[in-house]
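Trainee: I would like a close look at a single part of this model. Please take it step by step.

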Amino acid sequence: MFQLSPQGKEKVLAELKRYESRQSAVLPALYIAQAENKGYISPEVIKELSRVMELPEANINEVCTFYTMYNKEPIGNHHVQVCRTLSCMLNGAKELSEHICSQLGTHLGQKTKDGKFTVTEVECLGSCGTAPMMQIGDKYYENLTHESAMNIIRSLK
Amino acid sequence: MSEVKYLTEFYHLPEFKGLEGYKKNGGYVQLAKALKMQPQAIIDEVKASGLRGRGGAGFPTGMKWGFLPKNDEPRYLLCNADEGEPGTFKDRMMMEKAPHQLVEGMIISAFAINCKKSYIYVRGEYDDSINALEAAIQEAYKAGYLGKNILGSGFDHDMDVYRGAGAYICGEETGMISSLEGLKGQPKLKPPFPAVQGYLKKPTIVNNVETLAAVKYIMRDGAAGYRKYGTEKSAGSKLFSLSGNVNKPGNYEVPLGYPLKDMINGLGGGIKNGRKLKAVIPGGSSAPVLTAEEALNANLDYENLAAAGTMLGSGAIIVIDDSKCMVECLANLTHFYHHESCGQCTPCREGTGWADKIVHSILSGKGRLQDIELLVKVADNMKGRTICALSDAAALPIISFVTKFRDEFEYFVREGKSKVKGTAYKGHAYAATASH
């Protein structure tokens, strides 16, 4: 069973008071819970948020499933998101993500065996002038080559 | 013609990001001036300036503000910083390099429309933008530019940042309002327009980052001064995001009406690797594609690009060289729109899916000649039939790609391989993306 930490719960309660409507706190609350549940939202997380926020589970679950930044399945410690959309594609994004997957011995969307990485392709991240690029965690890595991307990935613990 | 440094004058100074550096370079002077004016005079000035929405639709900003009810009903100002139109990365630069410029523009705008609460809705991935804005807002509160009785004017205003969570559709203003309400980001039927009924059913004005930042400069230079750049119907300067197969991609500020040819071959340093220009998408992925010849004759303003059968959109210019396969480029975009359709309206939900399947069937070498017609038919049926513009935005590239580069599509069907690359399509890239 998942439970928010006391600090996490406090943060969620603060979000409930921050906006004119309690429902507006659902997006921020999902981020808070995701950070406390190894980077993904499980059905137990939805239940806990429903209890804490006093909102129906359905109201939280439908929001969670609508947006791509909430992971619905367990992911590796590092989520490597390679932008796949046109400007990046024109600059070799597909070859880059294939290279990363083959170097890590994995496929898109699949955790590596050691659980360290999940590689996915995502839609435009607004970094088109510095293509190809990837986002790991909150950070953007731009103007990548196959080598520089793998150096960055290998440097992560 | 050269670049202009109007909105971006101080972007090269790292100090411009913080309050001190911003104030040293003219920051918050226009706010103090605006607070002494009649709000209606500010609206009139913005109307006279000819400023049009910089997010994509190009709607006149002053006119949009004029749709608010003429009473004291609480209203919201919502800054659209959900920059998601493929090819666009100008707002990110503005927020990271000059967060106070946006904050000041927003407070002036809020004062003009008598609004006491504003939100900046930033796409969730833009962590650096969010941090920069939150820091700037905090500084502005401390310095008395936000909060109660701003600079002794009697005007109160609060501002907050809201983080999106990954959905292109939230860049559509009513989708954004749904998202800010903590719901799925599904657009709402108009009318009522947000200016009448928006966030929590209250009047809400939604403006793009660049639009709101420009308001400060209209205060400084007046409507006539602002019109120093641009054309009669496309006033002012604009930031363009240049990407794709050019030597020097990046954000460039130029006067509206700037020749696209000079953007690509001048500022952009020409086509990469000595290749030739094949096609240009001039206003973000939703804008119909131009052939090289059309592109070299076009100017970057609302009316010229409309006459060329495309649009200025968000100002995202994607350059495609002659080594690229147009079937593959279109497949990249149909995948995008299928992924981003919110699923609410049948023509869009089903149409984006079918279009994506048909293009990928051609790409896999299994296409039939009649699939090309079918593709255009599906796209035609997606136009003008839905709550928001995403469906049209998906249909327009399809029709323009197939019409203008039909030989590449026919060749792929007949030969089972790309006319340009000479190979069949392989790879995993379209099979799986992020879990959703």
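What covers the buried residues of helix 14 of chain B?

Mentor: This is a predicted model, and the answer should be read with that in mind. The cover over the buried residues of helix 14 of chain B includes four helices of chain B: helix 13 (326-340), helix 15 (369-382), helix 16 (390-404) and helix 17 (406-415).

Helix 14 of chain B takes in residues 346-363, 18 residues in total. At 1.5 Å a residue these should span 26 Å, and the end C-alpha atoms lie 25 Å apart, so the expected and computed lengths agree.

The residues that are buried begin with Cys348(B), followed by Gly351(B), Thr352(B) and Gly353(B). Further along come Ala355(B), Asp356(B), Ile358(B) and Val359(B), and then His360(B), Ile362(B) and Leu363(B). An α-helix has 3.6 residues a turn, so residues three or four places apart point the same way. With that spacing in mind, look at Cys348(B), Thr352(B), Ala355(B), Val359(B) and Ile362(B), which are among the buried residues. Buried here means under 20% relative accessible area. Asp356(B) and His360(B) are also on the buried list.

Just after the helix ends, Gly365(B) has a positive phi of about 85°.

For a contrast in element type, take strand 2 of chain B, residues 117-122, where 6 of 6 residues are buried. Lys117(B), Tyr119(B) and Tyr121(B) are buried on one side, and Ser118(B), Ile120(B) and Val122(B) on the other. In a regular strand the side chains alternate between the two faces of the sheet. Strand 2 of chain B runs parallel to strand 1 of chain B, joined by 6 bridges.

Terms used. Residues numbered from 1 in each chain as written. Chains lettered and ligands numbered in written order. Predicted model: local features only at pLDDT ≥ 70, side-chain atom pairs only at ≥ 80, totals over all residues. Heavy atoms only, no water. Buried < 20%, exposed > 50% of the residue type's maximum accessible area, 1.4 Å probe, protein only. Helix = DSSP H or I, 4+ residues; strand = E, 2+ residues; numbered from the N terminus. Pairing = 2+ DSSP bridges. Expected span 1.5 Å × (residues − 1). Contact = heavy atoms within 4.5 Å.
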